[in-house]
Amino acid sequence: MSGSLNPSSLARLLGEWNLGAAPAYRELADVVRLLVLDGRVPLEVALPSERALAATLGISRTTVTAAYSSLREQGFLSSGQGSRGRTCIPQAGPHGGSSGGTNLSGAPGLAVPDGILDLAYASLPASGEVVHRAFASALTELPALLPGFGYDALGVNPLREAIAGHYAAAGVPTTAEQILVTSGAQHALNIVLRTLAGRSDKVLVEHPSYPNAIDAIRAAGCRLVPVAMPAARFAVRPGPASGGPPGWDLAALETALMQQRPAMAYVVPDFHNPTGRLMSDSQRRRLVRAAAAAGTVLVVDETLRELNLDGAASTPLAAFSPAVVSIGSLSKSHWAGLRTGWIRADESLIQRFAAARTTMDLGGPVVEQLAAAHLVNALSEPLPARLATLRDNRDALLDLIAGHLPDWQGERPDGGLSVWCRLPAPISTALAVVAPDFGIRLAAGPRFGTGGAFEHYLRVPFTLPPEQLETAVRALRAAQDKLAASPQLRRNLPAPPAAAIA
């Protein structure tokens with residue numbers, strides 16, 4: 001059990017939940033459901049009593065009772081004594097759906113029903129022929145490894161050598177002994193956390209940051225030290241954003257490192273998730289120096305590094321210090337279904353990571369690793385076509401936002417898979433709640449931060465083709481219009497420009 005949530009804490013997380021777009025009990029249930037699915041309300045937590053929550057929110061107890069009843073029917077609240085049910089996730093019914101019959105289309109991490117466009121995930125389908133060919137080659141090589149046990153905490157040698165060669169080609173001399181193969185970047189981060197950061201240790205993160213990394217740091221019992229990134233360089237139409245502040249606030253990072261002395265810092269300098277920014281080499285040098293002075297291990301997530309849409313030059317952070325720990329993956333460049341990632345670090349650290357890894361698993365699937373070795377050795381093969389498609393998608397999305405959502409501000413990304421948008425009002429969670437009614441699934445802005453931040457923001461991936469992006473943007477507009485029709489929300493929204501009134 002994970003304890004209970006007091007009424008004031010839940011009220012803070014709920015924010016402006018009562019928008020008037022649906023019955024109050026349904027709106028309350030919908031927002032609580034989204035908070036559970038987003039991870040902002042943990043599982044196995046007892047919600048406040050009906051009486052206490054009603055008093056805190058200034059609503060009738062009947063409304064809270066109906067909301068809790070709806071959550072129980074949907075499978076998000078367990079049956080408990082009185083009104084103190086605990087949060088949970090619906091169990092699959094006999095036909096693969098929720099046992100409570102609820103629509104789970106707003107739930108990142110759950111299967112997307114037919115007819116729903118998924119904007120919660122920023123991932124691409126497989127680079128089909130390239131991946132298929134790699135697996136065909138791997139199967140021909142498998143017989144040579146069958147006499148062995150098949151357990152290898154470090155990873156099969158052909159893949160480790162291929163990854164080391166990739167770093168060496170990028171200007172970072174690396175040997176196979178400096179590589180540990182993992183089951184994806186998330187697995188790599190969990191290994192690093194288990195090795196380098198104990199419970200209650202501080203871990204610095206950019207704010208906003210990658211949600212699954214935030215979850216992993218919290219799950220490890222570490223204390224987050226969020227450092228805000230500068231205001232966005234907004235450019236809603238295709239074309240480089242002009243002027244604007246730097247992509248990272250290095251002075252703030254340096255101050256946080258020296259004052260907080262975190263055990264570890266997790267950063268995404270290459271096409272940062274969710275903003276898409278690229279850290280300059282001069283900023284990388286400053287960050288490495290600051291981390292060394294603070295005694296902080298710098299852990300760099302490079303999973304998006306290959307998705308360089310505009311051909312900007314940058315040096316891997318590990319080139320500036322042998323103490324840097326780098327995490328990579330094939331999930332974004334080739335296919336998430338490969339579940340192949342890695343850690344690059346000093347050889348002594350790799351041995352420590354391998355020892356920690358054996359407490360979690362004994363090694364990854366051999367065939368997948370053999371296939372991954374072929375993909376890493378020919379890493380650039382599928383990229384030109386993929387990058388050209390992504391550039392077209394990015395520009396199409398920015399044009400669509402400018403045309404259909406003129407009161408949104410989208411930051412033009414240097415690379416990656418998504419646009420970070422500033423909304424005209426703090427309605428990100430509300431949009432995520434109503435979005436399934438319009439055929440789309442969203443990850444609310446606060447999912448990318450701590451303490452309920454980023455209600456003014458939404459990450460919109462451009463992984464779908466332009467015709468589907470147009471459908472998605474029109475749906476976003478319809479969802480926003482529904483919220484704007486609420487008297488409670490209208491006070492927070494600026495008047496739309498004349499051209500947008502139709």
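**Notes on a predicted two-sheet model**

1. Let me start with the smaller sheet. Strand 10 (residues 418–422) and strand 12 run antiparallel to each other and are paired over 5 bridges. Within that pairing, Cys421 has Leu458 of strand 12 as its bridge partner. Please keep in mind that this is a predicted model.

2. The sheet around that pair is open and has 3 strands, in the order 9-10-12, with antiparallel pairing. Its edges are strand 9 (409–411) and strand 12 (457–461), each of which pairs on one side only. On average, neighbouring strands here are turned by 30 degrees against each other, direction ignored. Helix 13 (residues 383–404) lies across strand 9, strand 10 and strand 12, and runs at about 20 degrees to strand 10.

3. A residue to look at beside this sheet is Phe454, in the loop between strand 11 (440–441) and strand 12. Its phi is positive, near 75 degrees, and Phe454 is not a glycine. As general background, most residues other than glycine have a negative phi, and most peptide bonds are trans. Is Phe454 buried or exposed? Its relative accessibility is 15%, so Phe454 counts as buried, the cut-off being under 20%.

4. Now to the other sheet. This one is open too, with 7 strands in the order 2-8-7-6-5-3-4 and mixed pairing. Strand 2 (179–182) and strand 4 each have a single partner strand, so one side of each has no neighbour in the sheet. The average turn between neighbouring strands is 20 degrees, direction ignored.

5. The mixed pairing can be followed strand by strand. Strand 2 and strand 8 (residues 341–344) run antiparallel and are joined by 4 bridges, with Leu180 opposite Ile343 of strand 8. Strand 3 (residues 202–207) and strand 4 (residues 223–228), in contrast, pair in the parallel sense over 6 bridges. There, His207 has Ala228 of strand 4 as its bridge partner. In general, strands of a sheet pair through backbone hydrogen bonds, either parallel or antiparallel.

6. How is the link between strand 3 and strand 4 arranged? Together with helix 8 (residues 211–219), these two strands make a right-handed β-α-β unit. Helix 8 has Pro211, Ala213, Ile214, Ala216 and Ile217 buried. The cover over these buried residues includes helix 7 (185–196), strand 3, strand 4 and strand 5 (264–267). After helix 8 comes Gly221, with a positive phi near 80 degrees.

7. Helix 7 deserves a point of its own. Besides helping to cover helix 8, helix 7 lies across strand 2, strand 3, strand 5, strand 6 (297–301), strand 7 (325–329) and strand 8. Its direction is at about 160 degrees to strand 7.

8. If you are preparing to look at backbone torsions, two cis peptide bonds may interest you. One runs from His207 to Pro208, with omega near 15 degrees; Pro208 sits in the loop between strand 3 and helix 8. His207 is also the residue bridged to Ala228. Another cis bond joins Asn273 and Pro274, with omega about 25 degrees, and Pro274 belongs to the loop between strand 5 and helix 10 (281–294).

9. The loop between strand 5 and helix 10 also holds Phe271. Phe271 has a positive phi, near 60 degrees, although it is a residue other than glycine. What is its relative accessibility? The value is 2%, so Phe271 counts as buried.

10. On to side-chain packing. The largest nonpolar core has 69 residues, and Leu14, Trp408 and Leu442 touch the most other members. Helix 2 (residues 24–38) supplies the largest share of this core, 8 residues. Apart from this core lies another, of 48 residues, including Ala164, Val225, Met229 and Val288.

11. Finally, the overall numbers. The protein chain has 16 helices and 12 strands, and 54% of its 502 residues are buried. Among contacts between residues at least 6 apart in sequence, 74% join residues at least 24 apart. The accessible surface of the chain is about 20,300 Å², and carbon and sulfur atoms account for 53% of that.

How values were computed
Residues are numbered from 1 along each chain as its sequence is written. This is a predicted model: local features need pLDDT of at least 70, side-chain atom pairs count only at pLDDT 80 or more; totals for chains, interfaces and linings use all residues. Side-chain values use heavy atoms; hydrogens and water are left out. Two strands pair if DSSP finds at least two bridges between them. A crossover is right-handed if, with the strands pointing away from the viewer, the path from the first strand over the helix to the second runs clockwise. Buried means under 20% relative accessible area, exposed over 50%, partly exposed in between (1.4 Å probe, protein chains only). Contact means heavy atoms within 4.5 Å. Accessible areas come from the Shrake-Rupley method with a 1.4 Å probe; for residues, only the protein chains shown count as cover. Axes are lines fitted to C-alpha atoms, for helices over the stretch in contact, and angles run from 0 to 180 degrees between N-to-C directions. A nonpolar core is a set of buried Ala, Val, Leu, Ile, Met, Phe, Trp, Tyr and Cys residues joined through side-chain atoms within 4.5 Å.
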